Structures are given as structure tokens and as C-alpha cells.
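Me: Please take a close look at one part of this structure. Begin with a single residue and its surroundings, then continue to the packing of nonpolar side chains.

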Amino acid sequence: MKSIGVRIESVFKESGMQPKFFASQIHVSPRNVYNIFTRDTIDTAQLFTICKVLKFDFFKYFSEQLKKEDPTFLEDPAAEYKKRLKRKVMIEVELSDDEYYKLLEKSVAR
């Protein structure tokens, strides 16, 4: 996976934004803009600001990597438990004697 800094630099260059302006928008010095381009990691709050300024979702790269490493990553972790879960339910219904005995036979047969 490309480093986050390389990805930010690529989108930054495509934006046509000037480094000084970009730096002011993300609250760093112009010198630090170039340091960001060399990073393998980045603070999430800073990345969020960069996403807003460049109008690009860099977080998607991390989600894609998680899915590659574990295809079940975004699945419901409790899904298997929910499949086996049985619930007791009390329901009041009116049945004829015949219906009642048929239902009783079915429940005893289980």
C-alpha cells in the first residue's frame, strides 16, 4: 500500500493548490506540507482536515486495506450468534380445541 503521504501529495498536485495556501488551510507551515508528503502515518484529526481541504476521502484507503486483509471486516461481529439465538415468546391466541391439540402435538414432537 502506498504511504498516506504519497497519496496526499498526489491529490494535492492534482488540485493545483499552492503549498502556502494549502498550509494555511490545514494549519501548518509551508515547510510542514512537504513533511506530510513523506509520512507513512498521520494523525486522524489532521487527515480529516486535509480531506476537507482537498475534498478527497483518504480514509477510504484504510478501509480498502482492512477489507483486503480480512474480507469479513465490515460484517456484523454478532451475526453468527444472532443466527443461533432463540427467543422465548409468549403469545395469547384464541384457538378451537382441535387447533389447540394440534399445536400442542407439534410442540411436544419437537
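Reply: Beyond its neighbours within four places in sequence, Ser3 is in contact (heavy atoms within 4.5 Å) with Arg39 and Asp40. This is a predicted model, in which local features need pLDDT of at least 70 and side-chain atom pairs pLDDT 80 or more, whereas totals for chains, interfaces and linings use all residues. Residues are numbered from 1 along each chain as its sequence is written, and side-chain values use heavy atoms, with hydrogens and water left out.

Ser3 belongs to the segment that precedes helix H1 (4-15); helices are DSSP runs of H or I, at least four residues long, numbered from the N terminus. With a relative accessible area of 17%, Ser3 is buried, the limit being under 20% with a 1.4 Å probe and protein chains only. A polar atom of the Ser3 side chain lies 3.3 Å from the backbone oxygen of Arg39.

The largest nonpolar core (buried Ala, Val, Leu, Ile, Met, Phe, Trp, Tyr and Cys joined through side-chain atoms within 4.5 Å) holds 20 residues, of which Ile8, Phe22, Ile50, Leu54 and Phe58 touch the most other members. At least two residues of this core come from each of H1, helix H2 (19-26), helix H3 (30-36) and helix H4 (44-54). H4 gives the largest share, five residues. Leaving out residues up to four places away in sequence, Leu54 touches Ile8, Val11, Phe12, Ser15, Met17 and Phe22. In soluble globular proteins, nonpolar side chains tend to be buried together.

How values were computed
Buried means under 20% relative accessible area, exposed over 50%, partly exposed in between (1.4 Å probe, protein chains only). A polar contact is a pair of N or O atoms within 3.5 Å; within protein, one must be able to donate a hydrogen and the other to accept it, and residues adjacent in sequence count only if both atoms are side-chain atoms.
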